[in-house]
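Reader: Could you walk me through how the descriptive words for a protein model are earned?

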Amino acid sequence: EVSRGSFPVLPQQLSFSVSPMRMMSRRCGIAALACTALAGSARAWDLGEWLEIESKKDQAVVGPTTCWCKDINVLVDSRIDAASSELQGLESAAKIQHFENEQLSLKVKDHNADAGEHQQTLDQAVAINSRFGAGSDGHVGSLEQALGTIRSAIDNAESGSSAHSTLKELEGMMAKKLESFKAEDEAASFQFKELQAAKQKMLRLSKEAAASHERRLADGMAAVAQANAQIDAYTARREADHTLSSSVKSLCERLESEAEERAKLRQDSTILVSQAKVEQAQHKSQEAASKLMSLTQSQFVRGVRAHGQNTLSTVTSRLLAALELRHDRHGSCPTSVEHAEFSERLAAEALDGSKKSAHDLMALVAKASDVKTGLGRMLQGAVTNAHVAENKLKGDLKAFVDKIFSMAQGQLSSLTQPFDDIQANGKESAMADQRLVTELMSAKADASQELVEAKRCNR
C-alpha cells in the first residue's frame, strides 16, 4: 500500500474485480509492484525527470574527467618513452666513450714511458759528458802546463844548441797534440749538444703528447661521469613515472567503470519507470473498462508495450614521443666549432624539453584536485537526491533508487585515496624532474664552455 504522504490514494471506485488486476500484475513482470505503487499517480513522471537530470549532471563531470585521464596518460607515457630513448642513447655513448678512454689511457702510458726513456738517456748522456769534460779539461791542462814548461826551457837554452833544437821539436809536437785534442774535444762537445737538443725535443714532444691525451682522457672521463649522472636521473624519473602511470591508469579505469555502472543503473531505473508508466496507462484503461463493464480480459491486456535502451562507451588514446642526445669529440682541437654549437643546441633542447615536461605534468597532477572535487560534488549530490527520492517510493522503484544511493555513497567514500596516491606519486616524479633538470643544466653549462673553448682553439 502506498503511503498517503508520498502518493494520492486511489479512489474507492477503482476497487473492481481482482482477476483483471492479477492478470495485469503477471504481465508487468519485474515492474509489478511499481505498477501498483504508481497507479493513478503523477510522481512516476517526476522520477523519470530526476533520473534524466542526474544523468546530465553525471555526464557534465565525466566528460572533463575523461579528458584529464587522456591528457595525463598521454603525457606520462610520452615521458616514459622519451626517458627510454634518452637512456638508450646515453648508455651507448657512455660505452663508446669508456672504450675510447681505455685507449687514451694506454696512449698516455706509452707517451709517459717514452718520455721516461728520453729523460733517462739524456741524464746518462749529461753524466757521461760531465765525466768526459772533467777528464778532458784535466788533460788539456796537463798538456798546456807541459807545453809551458818546454817553452820556458827553450827560453833558457842556448840558441842553436842541440838542446834548443830538441826542445823546439818537442814544442811543436806538444802544440799539435794540444791543438788536436782541443779540436776533438770541441767536436765531441758539439755532438753532445746536438744529441742533447734532439733528446730534449723528443722528451718535450712525448710530454706534450702525454699531456694532450691526458686532457682528452680527463674530458672523456668527465663525459662518462656526466652520462652516468644523467642515466641515473632519467632512470629515477622513468621509475617514478611508471609508478605514477600505474596509479593514473588504475584510477581512470575505475572512474570509467563506475561511470558506466551509474549509467546502467539509471538506465535500468528509467526502463522500470517507463514500464510503470505503461502499466499506469493500462490501469486507466482498466478503470474505464470497469465503468463501462464491457471490456474483456483480452482487450485489457493489449495495452502493454515494450521499451529499448541505449549504452554509453568511453574511448581514450595515447601519444608517444622520443628524445635522443649524443655527445662525442673529434679533431686536433677538443672539438670543432660546428660540433660544439650542435652539442650546445642539443643540451639546450634537452633542458628546455625536460622543464616543459615537468611543468605540464605538475599542472595535470594539480588538476587532479579539481577532478576529484567535481566528482565528489556530483556523487554527494547523487547521494542526497537519491536519499530524498527513495523516501517517496516503494517497491521496485524504491529498490532501484536505493541501489543508486548505495553505489554513489560507496564510490564517494572510496574517492579520496586514489587521488592522494596520484598526488604522492606526482611529487616523486617532480623530485626526479628537479634532479634531471639540475644534471641537464650542468650539461648545458659544460656545452657552452666547450663552445667558447672551441672558438678560441679554432681561431
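Author: Happy to; we will take a few labels in turn, keeping in mind that this is a predicted model.

Reader: Let's start with helices H6 and H8: what makes H6 roughly antiparallel to H8?

Author: The axes of H6 (residues 337–390) and H8 (residues 416–457) cross at roughly 165 degrees and come within 8 Å. Angles over 145 degrees count as roughly antiparallel, so that is the name H6 and H8 get. Their crossing is also left-handed.

Reader: How do you know that the length of helix H7 agrees with its number of residues?

Author: H7 covers residues 395–413, which is 19 residues, and at 1.5 Å a residue the expected span is 27 Å. The C-alpha atoms at its ends are 27 Å apart, so the two agree.

Reader: Which residues of H7 are buried?

Author: Buried means under 20% relative accessible area. In H7 the buried residues are Asp396, Leu397, Phe400, Val401, Ile404, Phe405, Ala408 and Gln411.

Reader: What makes Lys403 a charge over the ring of Phe400?

Author: The charged end of Lys403 is 5.0 Å from the centre of that Phe400 ring. The distance cut-off is 6 Å, and the charge must also be within 35 degrees of the ring normal. Lys403 is counted as sitting over the ring.

Reader: And why is Glu253 called exposed?

Author: Glu253, in helix H4 (residues 162–292), has 55% relative accessibility, and exposed means over 50%, so the word applies. Its C-alpha atom is 9.1 Å from that of Cys69, although the two are 184 residues apart along the chain.

Definitions and conventions:
Residues numbered from 1 in each chain as written. Predicted model: local features only at pLDDT ≥ 70, side-chain atom pairs only at ≥ 80, totals over all residues. Heavy atoms only, no water. Helix = DSSP H or I, 4+ residues; strand = E, 2+ residues; numbered from the N terminus. Expected span 1.5 Å × (residues − 1). Buried < 20%, exposed > 50% of the residue type's maximum accessible area, 1.4 Å probe, protein only. Axes fitted to C-alpha atoms, helices over the stretch in contact; angles between N-to-C directions. Parallel < 35°, antiparallel > 145°, perpendicular 65-115°, else oblique. Left-handed = near helix turned anticlockwise from the far one by under 90°.
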